[in-house]
Amino acid sequence: MKKWIAAALIGALLSSFCAAAGEGVSGASVSAQRAALYDPLTGEFLYSKNGEEQAPMASTTKIMTALVILETLPLDQTYEIQPEWTGAEGSSMYLKAGEQLTVEDLLCGLMLMSGNDAALALACIAGGSEQGFVERMNEKAASLGLENTHFESASGLDGPEHYTTAQDLARLTAYAMENPEFCRIVGQKYANAGGRSMKNHNKLLFWSDEICGVKTGFTKKAGRCLVSAARRQGRLLIAVTLNGPDDWNDHQRLYQSAFSACQTQQTIPGGKLGWAMIFSGNRSQVELYCAGQSQGFLTEQEMEKLEYEVLGPRFVCAPVRAGEQYGVIQAKIGERVLFEEPVYYADSADALPEPPKSFWSRFFGR
């Protein structure tokens, strides 16, 4: 389909909106040495403090570990735990040699209990060895454009070439949160997996129903690290703090500041949109309309940046019928589509009857 911009429509829609006041998060204060608050909807950072500075990230590494596993192995596949996978340094889900566990069991131990033994087991299962799996992690980071990220382990133990940035970690998490199984696993407060009762180390899940994940981390070198995700009125935000002594409160302050600047607003009103040009029909154009009404949880500044495009064919060959879909209308900021609704024909147009054949056409059978 070709693309065309309904300029008159854009002006009419913009004039109908009422903006909501908001202050943003520029004044937010965090204890962390490095922090970022990311908005996957717009692709913008609402807050950044040394956000592009490389630093160790401890067990928040396991976000990438879990993502690569989910894109590689089926959750219900069962594996026997090997002796060399047990007794890993640091936090553990206490694997026992010879026990049979599913990939999902191990992922729960990885993300809720922060098991370094689970990370090692999953890495060896999927990559043949931890080093082989780490190569996949770095390949995935490169494919996502995480230029300031490099992994040396699947667990997050400190290493000279094991680092990321708050901004890279936020982008990675936003991508991971698009995976429904990842969201489900990291959003669990409790889980029973592999004969173990697990409680998520992420305290924010117990503090607010808006928190929907994702991972804690700590080493002496990295300090307290935390990645979380919060959703209010459908709007998802990702917060990251690296070396943050007051990380739980840091994240709550960031979310409160950002969400308080938003208001539920009508982004794509329903109604008439213009006309489609009809080719070879009994009428030259047919009116278009949008049946739905999109609402978004947006700031005043975002509403001011919204632009609209109607996507559909420039010319339509008859016949067309009222109620059939013509295309879509999109609400965008820059090149990023925030909302989309279908566009329909309001009226019908019949094809023109074929002209009668001439004597010679009938004579020659044409």
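Two strands count as paired when DSSP finds at least two bridges between them, a definition that helps in reading this predicted model, where strand 9 and strand 10 form a hairpin with 2 residues between them. In the turn of this hairpin, Gln233 has a positive phi of about 50 degrees.

The wider setting is an open sheet of 5 strands, arranged in the order 3-2-10-9-8 with antiparallel pairing. Strand 3 (44–49) and strand 8 (211–219) stand at the edges, and because each has a single partner strand, one side of each is left without a neighbour in the sheet. From one strand to the next, the twist averages 10 degrees.

Helix 6 (residues 166–176) packs on the sheet, where it touches strand 2 (34–39), strand 3, strand 8, strand 9 and strand 10 (235–242), and its direction makes about 145 degrees with that of strand 10.

Strand 9 is mostly covered, with 7 of its 10 residues buried, and its pairings on either side are set out below.

| Strand pair | Sense | Bridges | Residues in the hairpin link |
|---|---|---|---|
| Strand 8 and strand 9 | antiparallel | 8 bridges | 3 residues |
| Strand 9 and strand 10 | antiparallel | 8 bridges | 2 residues |

Individual residues can be followed across these pairings: Ile211 has Ala230 in strand 9 as its bridge partner, Val214 has Ser228 in strand 9, and Val227 stands opposite Val240 in strand 10.

Elsewhere, Met277, found in strand 12 (residues 271–279), forms a nonpolar patch on the surface together with Phe279 and Phe315, with about 340 Å² of accessible area for the three together. Met277 counts as partly exposed because its relative accessibility is 36%.

Definitions and conventions:
Residues are numbered from 1 along each chain as its sequence is written. This is a predicted model: local features need pLDDT of at least 70, side-chain atom pairs count only at pLDDT 80 or more; totals for chains, interfaces and linings use all residues. Side-chain values use heavy atoms; hydrogens and water are left out. Patches are made of residues with over 30% relative accessible area and no salt bridge: like charges are joined within 9 Å, nonpolar side chains (Val, Leu, Ile, Met, Phe, Trp, Tyr) within 5 Å. Accessible areas come from the Shrake-Rupley method with a 1.4 Å probe; for residues, only the protein chains shown count as cover. A salt bridge is a side-chain nitrogen of Lys or Arg within 4 Å of a carboxyl oxygen of Asp or Glu. Helices (H or I, at least four residues) and strands (E, at least two) are DSSP runs, numbered from the N terminus. Buried means under 20% relative accessible area, exposed over 50%, partly exposed in between (1.4 Å probe, protein chains only). Axes are lines fitted to C-alpha atoms, for helices over the stretch in contact, and angles run from 0 to 180 degrees between N-to-C directions. Contact means heavy atoms within 4.5 Å.
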